[in-house]
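Visitor: I should like to learn how cavities, domains, cysteines and single residues are to be read in a structural model. May we go through one together?

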Amino acid sequence: MIKGLNYKFLILLSTVLACTILAFFVGFIKNETIVYTHFFYVPILLAGVWYRKKAVFIALFLCFVYILVTLFSPHAELYVHIFERSAIFVAVAYVIGLVSEKRAKGEEKLKETKEYLDNIITSSADAIVVVDMDGIVRSWNRAAEDYMGYSAKEVIGTSNKNFFADPGEAEKIMRIVQREGELKNYRTTVLNKDKKPVHISMSAALLKDRNGVPVGTVRVSRDITKEVELEEKIKEERDNLNQILESMDDGVYIVSKDYKVEFMNKVLIDALGYHVGDICYKAFHNRDEPCPRCKNTEVMKGKTVRWEWYSRRNNKTYDLFETPMRNINGTISKLTIFRDISDRKRMEDDLKDAEERYRVIFEHALTALCVIEDGEVVSVANKEFETLSGYSREEIKGKKWIDFIADQDRDRVQNYCVERRKGEAPACCEFKFVSSNGEIKHVNAWIEPIPGADSCIASLLDVTELKRKEDELRETCEKLAELDKMKRDFLNVAYHEMRSPLAPIVGYASMLERCELPDKGKKYLYNIEHSARELEKLINRMLELARIDGKKIELSLEGVYIPEVVAEVVKDIEPEAREKKQVISMAVQEVEIQADRQKIVAIFSNLISNAIKYTPEGGKIDIVVEDRGEDIRAYVADTGIGITEEHLPKIFERFYMVDTSLTRKSGSLGLGLSIVKEYVKLHGGKVWATSEIGKGSKFFFIMPKRQ
Ligand code: ADP
C-alpha cells in the first residue's frame with residue numbers, strides 16, 4: 001500500500017513537474033501558451049483518480065504556474081483565458097476528485113463487505129463450500145477443513161463427488177438445487193480424511209452470474225453426527241418403549257399436540273380399532289372438535305393427569321393415565337395408558353349392591369343382630385336388637401357386650417366367644433340376656449367371627465316364649481308318656497286276658513272234633529276253631545307290637561341256618577299254596593346267621609304267606625336268599641296283584657292296608673309287614689319292596705350275619 005502510494009506520488013510529481021517545465025519552457029522560450037496547458041489535465045486527472053478532492057490543490061498549483069507563465073510571457077492577449085482556464089482546471093479536478101472519492105468509497109465499502117463476508121465464511125461454524133457447475137470445489141472454509149480434515153488447498157479444484165459416502169449424492173444434490181433453486185436441511189453422509197462417516201445437514205443455493213446463468217452452488221453444511229447419534233439413541237429408546245408399550249396388558253396410545261394419533265398398541269387396536277394417523281376426537285368420538293374433557297392442553301403444558309373414562313363404544317370403563325412425552329424432533333406428544341377397570345368397577349358396583357342387600361337383610365332380619373368389636377364393644381346393631389334390648393341404637397353403640405349377659409352366664413359366654421373365635425366351639429350357645437329394664441330373656445346366640453377382622457357378628461333369637469312352651473310341652477310329654485305306659489300296660493294285660501279264654505275255646509273245640517256231630521255241627525265247630533285261631537294270631541301280633549313299643553323285646557341270638565328256617569316255613573304254609581295251585585320255588589344259599597330264630601321265622605312266614613295271599617290261583621312264588629359275605633340278601637317274589645306306587649311307601653306302616661277284594665276277603669289287619677319291618681330293624685337290617693301292578697311284587701330284606 002505504501003509502496004503503491006509512493007509510486008503514484010512520484011508519477012504525479014513527475015507529471016506536475018513536467019507540465020510546469022513544459023509551460024515555462026513553451027511560455028518563455030517559444031512564446032506559445034495556449035496549446036501546452038492541455039497537458040495540465042494529465043496530473044489533474046491522476047491526482048483526481050488517486051487523491052480525489054486533493055486534486056483541487058494540484059489544479060490550483062497548476063493554475064498558479066499557468067498564471068505565472070502567462071503574466072511573465074510576452075503575449076499579453078492571452079490574459080483573457082487565464083481565469084477561465086484556471087476555473088476549468090479546478091472544476092475538472094473537483095469533479096474528478098468527487099467522482100473518484102465516490103468510487104473509492106464504494107470500493108472501500110465493497111472491500112469491507114468482502115472482508116466481512118470472508119470473516120463470516122472463515123469463522124462460520126458451518127462448513128461453507130462453493131462448487132461449480134462441473135462439481136469442482138471452488139471454495140472451502142475453515143469449518144469444512146475442521147470436520148472433513150482436508151485443507152482448502154487439498155480440496156479446491158477436486159470433484160466434490162469424492163467426499164460423499166454415496167458418490168451418487170453429489171449429482172442428486174446438484175439436480176435438486178438446479179431444479180428447485182435451493183436445498184434446505186438435506187441430510188446426507190460424507191467421509192472425512194480418515195474415511196470416517198460424518199453426518200451433515202446441508203442447505204444449498206444456486207449461484208448465478210450477472211446474466212442469470214448458473215455458475216455453481218454454495219453449500220452450507222453442519223456436522224450433525226452427534227445429533228444423529230442422539231437421534232438414533234432416542235429412536236432406539238423409543239423403539240424399546242414401543243416394544244414395552246406393545247407388550248403391556250393395558251391399552252396405550254400416543255397423540256400429538258394437534259390430536260393426531262401417532263401410536264396405538266395391540267390391546268387398544270383390538271378394543272377400539274386401528275386409528276394411527278387419524279385425529280383422535282374424530283376417530284374415537286365422532287366429533288368435529290376436541291372433546292370437552294380432553295386433557296391434551298394440560299398434558300402439553302407438562303402436566304400428568306389421571307382420570308376415569310367410560311367408553312360408550314365398547315361399554316368399558318378405563319382408568320386413564322396421561323403424561324407428556326418428548327419426541328426426537330423436540331415436540332411433545334401425549335402418552336395415554338388405558339387400564340380397563342370395567343371388571344373392577346362392576347365388582348365395586350356388585351360390592352355396593354351386595355353391601356346394600358346385606359344392610360337391608362341385617363336391618364330387617366327377624367333375629368337381633370349386632371357386631372362385637374374385639375369381643376368387647378358392640379359397634380352396630382339392627383332394629384330387632386333394639387327391640388330385644390330396649391335400648392336405642394345410639395345407646396347400644398359402644399356399649400359393652402358383657403352388659404347384655406346375665407351375671408351367672410357371663411363367664412361361660414365369654415369363654416364361648418373366645419373358643420368360637422378359635423373355631424373350637426359349636427355355632428350356637430344359649431344364655432340369659434339382660435334388657436334395658438332388667439328383664440331377663442332367654443336367647444339362642446349364633447356367634448360368627450368376621451373373616452379378616454377382630455370382630456364377630458352375634459345373631460340372637462329370643463327363645464323365652466319358646467322355652468316356656470318347651471317346658472309346657474315337656475311336661476305334657478312326660479304326662480303322655482306316663483299315659484302311654486299305662487295304656488301299653490293295660491293293653492298288655494288286656495291281650496293276655498283276651499288270650500286266656502281263647503286257649504280253652506280252641507282246646508274244647510278240638511276235643512269236640514273227636515265227638516260224633518252232625519255235618520252242620522262239624523261246620524260250626526270248624527268255624528269256631530278257625531275264628532279262634534285267627535283271633536289268637538291277631539292277639540299275638542298285637543301283643544308283639546305292644547312289646548316292641550314297650551321296648552320289651554330282646555333278641556335271643558343263636559346260629560340260625562337259613563335253608564332250614566325257609567324249608568320249615570314253606571312246609572307250614574304249603575297246603576295253602578297247593579290249594580291255590582301255586583308253585584313255590586326256592587333258591588336259598590347255605591348260610592347261617594346269628595339271629596333270633598323265632599323272628600326270622602316270623603319274617604319269612606309273613607312275607608311268604610302275603611305272597612300266597614295276594615297271588616291268584618296258578619301263580620308263582622320265588623324265595624331267594626343270597627350270602628353276600630357280611631350280610632344276607634333275601635327276597636320273596638310273586639306274580640300276584642301288585643301294589644300301586646302310591647301305596648308302596650306306606651305298606652310297612654302299622655294297620656296300613658291296600659283296599660282290594662283280596663284284603664277284604666282275607667280279613668287282614670295290616671300288621672304283618674310292620675312286624676317284619678320291626679324285626680328286620682331289630683337285627684340291624686333293612687326292608688323294602690318293588691312292585692308292578694298286575695304283574696307281581698318283590699319284598700327284599702338285607703340283614704347282617706353277625707349282630
Ligand atoms: P295284612 O296282614 O293285612 O296282610 P300286611 O302288613 O302284611 O297286612 O300287609 C299290608 C298290605 O300290603 C296288605 O293289606 C296288602 O294290601 C299289601 N300286601 C302285602 N303283601 C302283598 C303282596 N305280596 N302282594 C300284594 N299286596 C301285598
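Guide: The turns below take these features one after another. The model is predicted, so local features need pLDDT of at least 70 and side-chain atom pairs count only at pLDDT 80 or more, while totals for chains, interfaces and linings use all residues. Residues are numbered from 1 along each chain as its sequence is written, and side-chain values use heavy atoms, with hydrogens and water left out.

Visitor: Which domains does the assignment of the protein chain give?

Guide: Domain bounds come from an automatic or database domain assignment. Here the assignment gives domain 1 (4–105), domain 2 (124–223), domain 3 (229–346), domain 4 (365–460), domain 5 (463–553) and domain 6 (554–704). Between domain 1 and domain 3, the C-alpha centres are 90 Å apart.

Visitor: How many cavities of 30 Å³ or more are there?

Guide: Rolling a probe the size of a water molecule over the atoms shows where empty space is left. On a 1 Å grid over the protein atoms alone, a cavity is a set of points where a 1.4 Å probe fits but cannot get out; a pocket is an open set with protein on both sides within 12 Å along at least five of seven lines; and lining residues have an atom within 4 Å of a point. Grid points are joined across faces, edges and corners, and a volume is the space filled by probe spheres set on the points. The count is two cavities of 30 Å³ or more, and the largest cavity holds about 160 Å³.

Visitor: Which residues lie nearest the centre of the largest cavity?

Guide: Val129, Trp140, Val190, Met202 and Ser221 do, out of 16 lining residues. Two or more residues each come from strand E1 (127–132), strand E2 (137–140), helix H5 (142–148), strand E4 (197–208) and strand E5 (214–223). Helices (H or I, at least four residues) and strands (E, at least two) are DSSP runs, numbered from the N terminus. The lining of the largest cavity has 13 nonpolar residues, two polar and one charged. In this scheme Ala, Val, Leu, Ile, Met, Phe, Trp, Tyr, Cys and Pro count as nonpolar, Asp, Glu, Lys and Arg as charged, and the others, Gly among them, as polar.

Visitor: What is the volume of the second largest pocket, and which element gives the most to its lining?

Guide: The second largest pocket encloses about 590 Å³. Its lining has 26 residues, with Phe284, His285, Cys291, Trp309 and Tyr310 closest to the centre. Helix H10 (280–285) is among the elements that supply at least two residues, and H10 gives the most, with five. This lining divides into 15 nonpolar, four polar and seven charged residues.

Visitor: Cys291 lies close to the centre of that pocket. Why does cysteine 291 form no bond with cysteine 294?

Guide: A disulfide is a pair of cysteine sulfur atoms within 2.5 Å, and the structure holds zero of them. The sulfur of cysteine 291 has its closest cysteine sulfur in cysteine 294 at 6.0 Å, which is too far for a bond. Cysteine 429 is likewise in no disulfide, the nearest cysteine sulfur being that of cysteine 428 at 6.5 Å.

Visitor: Is cysteine 429 buried or exposed?

Guide: Buried means under 20% relative accessible area, exposed over 50%, and partly exposed in between (1.4 Å probe, protein chains only). Cysteine 429 is buried because its relative accessible area is 8%, and cysteine 291 is buried at 18%.

Visitor: What does arginine 238 touch?

Guide: Contact means heavy atoms within 4.5 Å. Arginine 238, in helix H8 (residues 225–247), contacts Ile254, Glu262, Met325 and Asn327, leaving aside neighbours within four places in sequence. Arginine 238 counts as buried because its relative accessibility is 19%. Its C-alpha atom is separated by 8.7 Å from that of isoleucine 328, 90 residues apart along the chain.

Visitor: What is phi in tyrosine 259 and in lysine 581?

Guide: Most residues other than glycine have a negative phi. Tyrosine 259 has a positive phi of about 65°, and phi of lysine 581 is near 55°. Tyrosine 259 sits in the loop between strand E6 (251–256) and strand E7 (261–264) and is buried at 16% relative accessibility. Lysine 581 sits in the loop between helix H18 (562–579) and strand E17 (583–588) and is exposed at 59%.
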